[in-house]
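Got your viewer open? Let's take a walk through this one, stop by stop, with something to select each time.

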Amino acid sequence: MVEKYIPASKIEALEVLSKHDCYIVAGGSDLMVMKKNTAGLAPKFDKDILYTSHIDELKGIYEDEAGVHVKAGTTLDEVLNSKLAPALLKKAVSQVASANIRHFATLVGNLANASPAGDTIVVDFLLDAKVKLESVNGERIVDVENFVLGVRKIDRHPDELITELIFPKLTYTGDMWWKVGSRKADSISKVMVAGYWGIRGKIVEKFALSFGSVSIKAVRSHDIEKEIIGLSVSELKARKNEFIEKYGKIVTPIDDQRSNAEYRHKVAMNIVSEFIDKVVGGK
Ligand SMILES: Cc1cc2nc3c(=O)[nH]c(=O)nc-3n(C[C@H](O)[C@H](O)[C@H](O)COP(=O)(O)OP(=O)(O)OC[C@H]3O[C@@H](n4cnc5c(N)ncnc54)[C@H](O)[C@@H]3O)c2cc1C
């Protein structure tokens, strides 16, 4: 028999999780599809369910010295309308699903679902987001790159609730977001790329790129970034093809129902080329 829990507060939710292994349902836009049943019948959940979307303590966005904190119950729509949320995150959020889904689906749900095609995860990786998890025994904070382990696999213990996603403050000269899908809206991504750069004088001071839908989880290379940071703009321009080749080795897409590996790889490398042009040309 599957039980459902509708806790009145965060601590009640943590108490439920300390005693019961539950599916945590926020907006439900991923889970209800995953657990769908024959038409007319309730979704097929095979273990208890904990609902969280009504808990006020889990809603909202605030800022402190650690950065911008997006609480777990914050919907994509609320992120989009926030003055505090990073601009690049908002660009990605604006292209997730459709307005009606963004109205109830959460940013944290997009991350915790850990789909290789999760749009906002690519930006979480790029912006060095941190995941705050709480249980009745305390809390811990994990770097998002270590938190996502693979397809629908995350570093969460059964008694833990994700309570926040934290975006450290970053400054840069420019950023870009690309989502390549079958159509402009309400489309699951074939490829996503997020990037930012910073130029001081004629030196590349900041450079970061992350990719989605090209591996089992979002991809970012701190090694390639380290090689690029510190180059002069003209050196980066001269070595552009070398870096495209390096990115080409870490972008390893597969064929699936939405696209094929060759197309995804080609598109991703075209985007890297366009991004480097932008960085060196200041276009
Ligand atoms: C028609 C349609 C179109 C879509 N289009 C896109 C798209 O373009 N791009 C895209 O990236 N996604 C898309 N999605 C997927 C989905 O809408 C997003 O992933 C959404 O952000 C999930 O949020 P949610 O609150 O609905 O998650 P839920 O379904 O409630 O949960 C998703 C996962 O997160 C876990 N979870 C939620 N909250 C917590 C918490 N506090 N602690 C621990 N675990 C938690 C759940 O247990 C579950 O495993 C689409 C979905 C649909 C149905």
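A bit of vocabulary before the first click: two strands pair if DSSP finds at least two bridges between them. Helices (H or I, at least four residues) and strands (E, at least two) are DSSP runs, numbered from the N terminus. What you have on screen is a predicted model, where local features need pLDDT of at least 70 and side-chain atom pairs count only at pLDDT 80 or more, while totals for chains, interfaces and linings use all residues. Residues are numbered from 1 along each chain as its sequence is written.

**Stop 1: the five-stranded sheet**

Select residues 67-71, which are strand 5, together with strand 10: the two run antiparallel and are joined by four bridges. Zoom in on Val70, and you'll find that its bridge partner in strand 10 is Leu165. Now add strand 6, residues 130-135. Strand 6 also pairs with strand 10 in the antiparallel sense, over five bridges. Here Lys132 has Glu164 of strand 10 as its bridge partner.

Keep going to strand 7, which pairs with strand 6 over six bridges, again antiparallel. Val131 stands opposite Val142 of strand 7. What order do the strands take in this open sheet of five? It is 4-5-10-6-7, with antiparallel pairing. Strand 4 (61-64) and strand 7 (138-143) are the edge strands, each pairing on one side only. Turn the view and you can look for the twist: neighbouring strands are turned by 25° against each other on average, direction ignored (axes are lines fitted to C-alpha atoms, for helices over the stretch in contact, and angles run from 0 to 180 degrees between N-to-C directions).

**Stop 2: strand 10 and Ile166**

Stay on strand 10, which is mostly covered, with six of its seven residues buried. Buried means that 20 or more other C-beta atoms lie within 10 Å of a residue's own; exposed means 12 or fewer, and partly exposed is in between, with C-beta atoms placed from the backbone. Now click Ile166, which is found in strand 10. Why does Ile166 count as partly exposed? Because it has 18 C-beta neighbours inside 10 Å.

Leaving aside neighbours within four places in sequence, Ile166 is in contact (C-beta atoms, placed from the backbone, within 7 Å) with Ala66, Gly67, His69, Ala129, Lys130 and Lys132.

**Stop 3: helix 1**

Select residues 10-19, helix 1, and colour its buried residues: Ala13, Leu14, Val16 and Leu17. They cover an arc of only 155° around the axis, so they sit on the same side of helix 1 (the arc is that of the directions from the helix axis to the C-beta atoms). Flip to the other side of helix 1 and you'll meet Ile11 and Lys19, both exposed. Which strands do the buried residues of helix 1 pack against? They are strand 1 (4-5), strand 2, strand 3 (48-51), strand 6 and strand 10.

**Stop 4: around the ligand**

Next, show the ligand. A residue is near a molecule if its C-beta atom, placed from the backbone, lies within 6 Å of it. There are 29 residues around the ligand, and the closest are Gly27, Ser29, Gly109, Asn110 and Ala112. Strand 2 (22-25), helix 2 (31-34), helix 6 (107-112) and strand 10 (161-167) are the elements that give two or more residues to this shell. Helix 6 gives the most, with four residues.

**Stop 5: helix 7**

Move to residues 119-126, helix 7, where eight of the eight residues are buried. Then step just past helix 7 to Asp128, which takes a positive phi of about 55°.

**Stop 6: two hairpins**

Last, select strand 12, residues 191-200, and strand 13: nine bridges join them, and they run antiparallel. Arg200 has Ile203 of strand 13 as its bridge partner. Two residues lie between the strands of this hairpin, and Gly201 takes a positive phi near 60° there.

Strand 13 is largely enclosed by the rest of the structure, because seven of its 10 residues are buried. Strand 13 pairs with strand 14 too, in the antiparallel sense, over two bridges. Look for Phe211, which stands opposite Val219 of strand 14. Finish on Ser213, in the loop between strand 13 (203-212) and strand 14 (219-220). Most residues other than glycine have a negative phi. Ser213 is not a glycine, yet has a positive phi of about 65°. With 30 C-beta neighbours inside 10 Å, Ser213 counts as buried.

Terms used. Contact = placed C-beta atoms within 7 Å.
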